[in-house]
Amino acid sequence: MTSAGAGVLLDLPEHGSYELSRPGSWRKPDLPITSRIAYAAAHVVPAAAADCTPGAPAQLDWDVTMAYRHELWSYGLGVAEAMDTAQRGMGLDWAATRELIARSGREAAAVGGRLACGAGTDQLDLADVPGGATGLAVVTDAYREQIDVVRNAGAEVILMASRALAQVAQSPADYLSVYGTLLAQVDRPVILHWLGEMFDPALRGYWGDTDIDAATATFRELLGTHADKIDGVKVSLLDAGHEVALRRALPAGVRLYTGDDFNYPELIIGDGASHSDALLGIFAAIYPAASTALQELDAGNTAVAEDILESTRALGRHIFAAPTYYYKTGIAFLSWLNGHQPGFTMVNGLTAGRSVRHLCELFVLADRAGLLDDPHMAADRMRMYLTLNGVR
């Protein structure tokens, strides 16, 4: 989707003198996107002078953070707020999260933007959560508190996977009990989020079993019992075959929101019998291309849409390469290269989550995908980054 010849040269490790391409021919929609429901899970930007040492309370640049959400809405995408992309469990504390959800709710209402927000249990200190039935009750109450915050913001609820529940639960029945109680009490359908251990090692064995088939059986039992309270499921296991099989088995009316940042092109396009909607961290990085692809789907141009999404796959696989939970660093770096934040800074010092070599390759792959909005600015910022890191 790009043509060579931006005329900008940059010396890059392992690439030598590299000439940047032109940006892709992306466009904003004139009408709402209808062929798929698509959310981009957005990252957060700390204040310029914030203390970003690990463990420090998060201090966000609210204007810049909200501006990024408006950018996503302007391309016709929904925003998935306060998810793992926003560093839930990796530096974004509950006080900042609560404010983030409230602010995003007000901004979404002002522009008519689609908004869904993560409700979890991360206000709990895991060391203080008791075991047994008491612990399950504590987890359930923590979920209720966060669900209320999301609903008060006017947003759709995403029930996030819980480290506290993974710690306390002793069997699949414990998961069914907690989720069943919550689903029975919500006033409108929610999105369930199954986050794999590659995104958060503390969630190993979620749904009560490390065997994927056994865990899926428990998950499907929950869906079958409470289908009327479930809008959809977001599955982040990076296993396309598992997702397609689960998608085909969902109760009528329950959507599959792909969270597969490796295989999203074919999952979104579908197989003729079914397709996935999207709730993706990678969409926060590739949103101009993603929006254009979905517009092509709306127009019936499936092959064009598939080509566009496929052109971003290499970038997605690189950003989400192991250790996958550091993917947020790549999304923030690309945001900085494109001028959407004044500095390459992250809550909890997470800028150190990726190496210079990794971010250099990200730069090249983003350029090849046509996702560097202003090649001159991106090159200048890349030179600055390399200089600061001693690369000459």
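Okay, let's start with a word I'll use a lot: buried means under 20% relative accessible area. Take tryptophan 207, which has a relative accessible area of 0%, so it counts as buried. And one thing before we go on: this is a predicted model.

So, the overall picture. What kind of barrel do the strands 3-4-5-6-7-8-9-10 form, closed or open? It's a closed barrel of eight strands, and the pairing is parallel. Going from one strand to the next, the twist averages 25°.

Let's walk through the last part of that barrel. Strand 8 and strand 9 pair in the parallel sense, over four bridges. If you want one to find on screen, go to lysine 234: its bridge partner in strand 9 is tyrosine 257. Now stay on tyrosine 257, because that residue has a bridge partner in strand 10 as well, aspartate 277. Strand 9 covers residues 255-258 and strand 10 covers residues 277-280; they run parallel, with two bridges joining them.

Helix 7, residues 240-249, packs on the sheet here. Which strands does helix 7 touch? Strand 7, strand 8 and strand 9. The direction of helix 7 makes about 165° with that of strand 9. Put strand 8, helix 7 and strand 9 together and you get a right-handed β-α-β unit. Then you get another right-handed β-α-β unit from strand 9, helix 8 and strand 10, where helix 8 is residues 264-269.

Elsewhere on the barrel, have a look at helix 3, residues 132-152. Helix 3 lies across strand 5 and strand 6, and runs at about 165° to strand 5.

Next, a residue in strand 7: leucine 192. Buried or exposed? Leucine 192 has a relative accessible area of 1%, so it's buried. What does leucine 192 touch, leaving aside residues up to four places away in sequence? The list includes Leu159, Tyr179, Leu183, Phe219, Leu222 and Lys234. That last one is worth a pause: leucine 192 and lysine 234 are 42 residues apart along the chain, and their C-alpha atoms are separated by 6.0 Å. That's the lysine 234 we just met, the one with tyrosine 257 as its bridge partner.

Some names on that contact list turn up again in the helices, so let's go there. Two packed helices are described by the angle between their axes and the distance between the axes. Start with helix 5, residues 172-185, and helix 6: they pack at an angle of about 25°, with their axes 10 Å apart. That makes helix 5 roughly parallel to helix 6. The contact is made by Pro172, Leu176, Tyr179, Gly180 and Leu183 on the helix 5 side, and by Thr218, Glu221 and Leu222 on the helix 6 side. Tyr179, Leu183 and Leu222 are the ones you've just heard, as contacts of leucine 192. As for handedness, helix 5 passes helix 6 in a right-handed crossing.

Moving along, helix 6, residues 212-225, packs with helix 7 at an angle of about 25°, and here the axes are 12 Å apart. So helix 6 and helix 7 are roughly parallel to each other too. Their crossing is right-handed. Which residues meet? From helix 6 it's Ile212, Thr216, Phe219 and Arg220, and from helix 7 it's His242, Leu246 and Ala249. Phe219 is another contact of leucine 192.

Now for some backbone oddities. Back to tryptophan 207: this residue sits in the loop between strand 7 and helix 6. Tryptophan 207 has a positive phi of about 75°, although it's not a glycine. Alanine 82 also has a positive phi, near 55°. Where is alanine 82? In the loop between strand 4 and helix 2. Its relative accessible area is 0%, so alanine 82 is buried.

There's a cis peptide bond as well, from alanine 322 to proline 323, with omega near -5°. Proline 323 is in the loop between helix 11 and helix 12.

Last stop: serine 291, in helix 9, residues 283-298. With a relative accessible area of 0%, serine 291 is buried. Leaving out residues up to four places away in sequence, serine 291 touches Arg27, Pro29, Ile33 and Tyr75.

That's my tour, thanks.

Note on methods: Residues are numbered from 1 along each chain as its sequence is written. This is a predicted model: local features need pLDDT of at least 70, side-chain atom pairs count only at pLDDT 80 or more; totals for chains, interfaces and linings use all residues. Side-chain values use heavy atoms; hydrogens and water are left out. Buried means under 20% relative accessible area, exposed over 50%, partly exposed in between (1.4 Å probe, protein chains only). Contact means heavy atoms within 4.5 Å. Two strands pair if DSSP finds at least two bridges between them. Axes are lines fitted to C-alpha atoms, for helices over the stretch in contact, and angles run from 0 to 180 degrees between N-to-C directions. A crossover is right-handed if, with the strands pointing away from the viewer, the path from the first strand over the helix to the second runs clockwise. Angles under 35 degrees count as roughly parallel, over 145 as roughly antiparallel, 65 to 115 as roughly perpendicular and the rest as oblique. A crossing is left-handed if the near helix is turned anticlockwise from the far one by less than a right angle, and right-handed if clockwise.
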